[in-house]
Amino acid sequence: MARLRALSVLITLFLAVFAVTSSAVALDSRAPRCKELCITRCNRVTAGQAGTPGQTLRSAAVAKGKYFGAAVSPNLFATAAYANALKKEYGWLTPGNAMKRDATEPAQGQFRFTDADAVLKQAQANGQMIRGHTLVWHSQLPAWVPNTAGTDIAKARAIMTNHSENSFPGQLAHWDVCNEVLNEDGTFRQSFWFNAWGGRRYVAEAFRLARAADPTVKLYINDFNVESPNGAKTNGFFNIVSSPIDGVGFQAHFISGQIPDIAATLKRFATLGVEVAITEPPPEQTQATNYAAVTNACKSVAVCVGVTVWGVEDTDSWVPHLLLDANYQKKASYTYTLNALNA
Ligand SMILES: *[C@@H]1O[C@H](CO)[C@@H](O)[C@H](O)[C@H]1NC(C)=O
């Protein structure tokens, strides 16, 4: 009897060990990126600590309860002036291209994370946080995706699921789950995703999958030309924001017309119970004061968590309207931004 009990204890022990090992294997097969890194959990405080308080964008933003970030290009990490500016001025990093579909899954099921992992490691080394960009977008979508799925919702869903699971669980603070889903009139863009689902339901599905892949990341929807308070596109954007969307990103490219009253727009979206962020200036217009305008808008809204500029220096952008010139010298736009943060 005692021997039987010992045997059953042994079997239970064996099963327990087996269960632990096999669940570890199951986690591995989802390929969480850079498991050894601790970014989101570890860098919340350090993200704002570079430099003398108020003397850098990074520290000045944190003094006002915000972050200041930049879109980054991993091929420039080896350039000392770039790496120094990045570390000093920006508390948050957004991979400019490194986490897009064409970079990360160039062929079906063949994941390539070299550049994405370089961004994660850069953030780890400099105590920075990451805005992931982007899971579902109509652009930079490799041809195999529409070619494989066509309008077959089951195939499209499998592709979307695979990609969300093989992403960056635990490493991103924010994640642009859906990017640029609207037309200029506020209706849904007829993208591959829209057509595969036969309508807008792909957006809810993407957010559901992203939440399943990473229970702690803040899930964002992001778009451009949605900054004017009552524009048709802004109204369309306002109408699609609901749970489980945590945050709304305003790109602030300001392609046409005057700078809109973006503070009013941010306040309007805040009523939805989400946080908001300015995610992709430069504006296409050249005035340095535009940077002060978007920075002040974010400062004036409690739930605006930060500003990310799309590039570190002028040659690393589609329009040369960044804060540092090609020689990493501070431009007037830098001074306007820093002064707005410190005011
Ligand atoms: C999912 O990714 C795996 C590799 O991790 C691949 O073998 C499989 O074909 C992919 N499935 C889909 C539907 O893309």
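**Exercise 1. Find which residues Val-177 is in contact with, leaving aside its neighbours within four places in sequence.**

Solution. Step 1: apply the contact criterion, under which two residues are in contact if their C-beta atoms, placed from the backbone, lie within 7 Å. Step 2: for Val-177, with neighbours within four places in sequence set aside, the list is Leu-135, Val-136, Ala-206, Phe-207, Ala-210, Leu-219, Tyr-220 and Ile-221. Step 3: note the basis of the list. The model is predicted, so local features need pLDDT of at least 70 and side-chain atom pairs count only at pLDDT 80 or more, while totals for chains, interfaces and linings use all residues. Residues are numbered from 1 along each chain as its sequence is written.

**Exercise 2. Place strand β4 (residues 174–179) among its partners and state how far it is covered.**

Solution. Step 1: strands are DSSP runs (E, at least two residues), numbered from the N terminus; two of them pair if DSSP finds at least two bridges between them. Step 2: strand β3 (residues 129–136) runs parallel to β4 and is joined to it by four bridges, with Gly-132 partnered by Trp-175 of β4. Step 3: five bridges pair β4 with strand β5 (residues 218–223), also in the parallel sense, and here His-174 stands opposite Lys-218 of β5. Step 4: a residue is buried if 20 or more other C-beta atoms lie within 10 Å of its own, exposed if 12 or fewer, and partly exposed in between. By that count six of the six residues of β4 are buried.

**Exercise 3. Describe the largest nonpolar core and name the helix that gives the most to it.**

Solution. Step 1: a nonpolar core is a set of buried Ala, Val, Leu, Ile, Met, Phe, Trp, Tyr and Cys residues joined through C-beta atoms within 7 Å. Step 2: the largest has 88 residues, and those with the most contacts inside it are Ile-130, Val-177, Ala-206, Ala-210 and Val-294. Step 3: helix α9 (residues 201–213) gives the most to this core, with seven residues; helices are DSSP runs of H or I, at least four residues.

**Exercise 4. Decide where the model should not be read in detail.**

Solution. Step 1: pLDDT is the predictor's confidence in each residue, from 0 to 100. Step 2: the protein averages 89, and 89% of the residues score at least 70. Step 3: over residues 9–30 pLDDT stays under 50, and the model has three contacts beyond four places in sequence for them. Step 4: where pLDDT is low, the predicted coordinates should not be read in detail.
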